[in-house]
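Work through the following exercises with the sequence and the model at hand. Each task is followed by a solution in steps.

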Amino acid sequence: MPGKRPAPEPPAPLSPLVDAHTHLDACGAGDAESVAAMVDRAAAVGVGRVVTIADDLDAARFAVDAAHWDPRVYAAVALHPTRANALDDAARAELEKLAADPRVVAVGETGLDYYWPGKLDGCADIDDQVEGFRWHIDLAKRLGKPLMIHNREADHDVLAVLLDEGAPETVIFHCFSSDANMALACVAEGYLLSFSGTVSFKNAHELREAATLVPDEQILVETDAPFLTPHPFRGAPNEPYCLPYTVRALAELREQDPAALAEITTANAERVYRLPRH
Ligand SMILES: [Zn+2]
Ligand SMILES: [Zn+2]
């Protein structure tokens, strides 16, 4: 969560980059002007394009609007697994319509979150989450768009539901947080793994090992802002302009040149989200 710490200083530019998963509304953007200002800050350090993700219907309407306001912004829409109990007929009908918008490049974030049930008031229970996940998988397949997965402490069941339902052609695990075994299972299925600031946390040993095992063609980078601000700014508010910190940390782990990793992840984002070539 945005904390009391001051905003991180801008990193040295690293270009080209696409923030594969962020939440501009939760970062504080609410209209065309504030969206443009936020993307200007990102573009100044090389993050020229962002995909803003919805986790409820209000956020979905905002994400589609933002993607129409600013050509550097693309959208993904879904109900977050913790909100899957709100997926009634009206919500399904509206999501169908929003997801079909040409500026929407993925269906997400959907998946399973086994951390919050029982801790968060009103959180969808696991049965509702599985039903919602199945519905979003089917939507992604019908639209021919990538599926953006949120997985928290549900490795086994996320893979099981994907296999049972039949995965869409493109599946992206956002903020990949699991271990080497899960990374290898995802890689074998052809899924993409998107890494956030958590990969820069020195104590995230299993995750950092997993990040070294992903082939170049299956890796993406994201901020998941305003959450998960990279080291050494943990606890400060995150924004898309902070992405170069994460890419440099990931490049160091993978023993790659940061500029090369920027090119690789951007080419992957362009391919899976069908963005124009930079
Ligand atoms: Zn998530
Ligand atoms: Zn997110």
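**Exercise 1.** Determine whether histidine 23 is buried or exposed, and describe its surroundings.

Step 1. Histidine 23 has a relative accessible area of 4% and is therefore buried; buried means under 20% relative accessible area, exposed over 50%, and partly exposed in between, with a 1.4 Å probe and protein chains only. This is a predicted model, in which local features need pLDDT of at least 70 and side-chain atom pairs count only at pLDDT 80 or more, whereas totals for chains, interfaces and linings use all residues. Residues are numbered from 1 along each chain as its sequence is written, chains are lettered from A and ligands numbered from 1 in the order in which they are written, and side-chain values use heavy atoms, with hydrogens and water left out.

Step 2. Histidine 23 belongs to the loop between β1 and α1 (32–43). Helices (H or I, at least four residues) and strands (E, at least two) are DSSP runs, numbered from the N terminus.

Step 3. Beyond its neighbours within four places in sequence, histidine 23 is in contact with Thr52, Ile53, Asp55, Glu109, Asp224, Ala225, Pro226 and Phe227; contact means heavy atoms within 4.5 Å.

Step 4. The side chains of histidine 23 and histidine 21 form a polar contact of 3.2 Å. Such a contact is a pair of N or O atoms within 3.5 Å; within protein, one must be able to donate a hydrogen and the other to accept it, and residues adjacent in sequence count only if both atoms are side-chain atoms.

**Exercise 2.** Identify the protein donors of the zinc ion (ligand 2) and classify the site.

Step 1. His21 (NE2), His23 (NE2), Glu109 (OE) and Asp224 (OD) are the protein donors, at 2.1 to 2.3 Å from the zinc ion (ligand 2). Donors are N, O and S atoms within 2.8 Å of the metal (3.2 Å for Na, K and Ca); water is not among the atoms, so sites may look incomplete.

Step 2. The angles among the four donor atoms run from 90 to 178°, and the site of the zinc ion (ligand 2) is irregular. Four donors count as tetrahedral if all angles lie between 85 and 135 degrees; four count as square planar and six as octahedral if opposite donors are over 155 degrees apart and all others between 65 and 115; anything else is irregular.

Step 3. Along the chain, the donors of the zinc ion (ligand 2) have the spacing H-x1-H-x85-E-x114-D. Distant parts of the chain are linked by the pair of histidine 21, in strand β1 (residues 17–22), and aspartate 224, in the loop between β8 (219–221) and α8 (243–253), 203 residues apart.

Step 4. Both histidine 21 and aspartate 224 are buried; for histidine 21 the relative accessible area is 0%. Among the contacts of histidine 21 outside its neighbours within four places in sequence are Glu109, His174 and Asp224.

**Exercise 3.** Name the protein donors of the zinc ion (ligand 1) and state which residue bridges the two ions.

Step 1. Glu109 (OE), His150 (ND1) and His174 (NE2) are the protein donors, lying 2.0 to 2.2 Å from the zinc ion (ligand 1). Their spacing along the chain is E-x40-H-x23-H.

Step 2. The bridge is glutamate 109, and the zinc ion (ligand 1) and the zinc ion (ligand 2) lie 3.6 Å apart.

Step 3. Histidine 150 is in strand β5 (residues 147–152) and histidine 174 in the loop between β6 (171–173) and α6 (180–189), so this pair ties together parts 24 residues apart in sequence.

Step 4. Histidine 150 is buried at a relative accessible area of 13%, and histidine 174 is buried at 5%. Leaving aside neighbours within four places in sequence, histidine 150 is in contact with His80, Glu109 and His174, among others.

**Exercise 4.** State which residues carry the UniProt feature "binding site".

Step 1. In an unreviewed entry, UniProt places this feature at His21, His23, Glu109 and Asp224. UniProt positions are given in the numbering used here, feature names are shortened, and annotations may be inferred rather than shown by experiment.

Step 2. These residues span 204 residues in sequence, yet no two of their C-alpha atoms are more than 11.0 Å apart, so they gather at one spot.

Step 3. UniProt (unreviewed entry) also places the feature "binding site" at His150 and His174. They span 25 residues, yet no two of their C-alpha atoms are more than 6.0 Å apart, so they gather at one spot.
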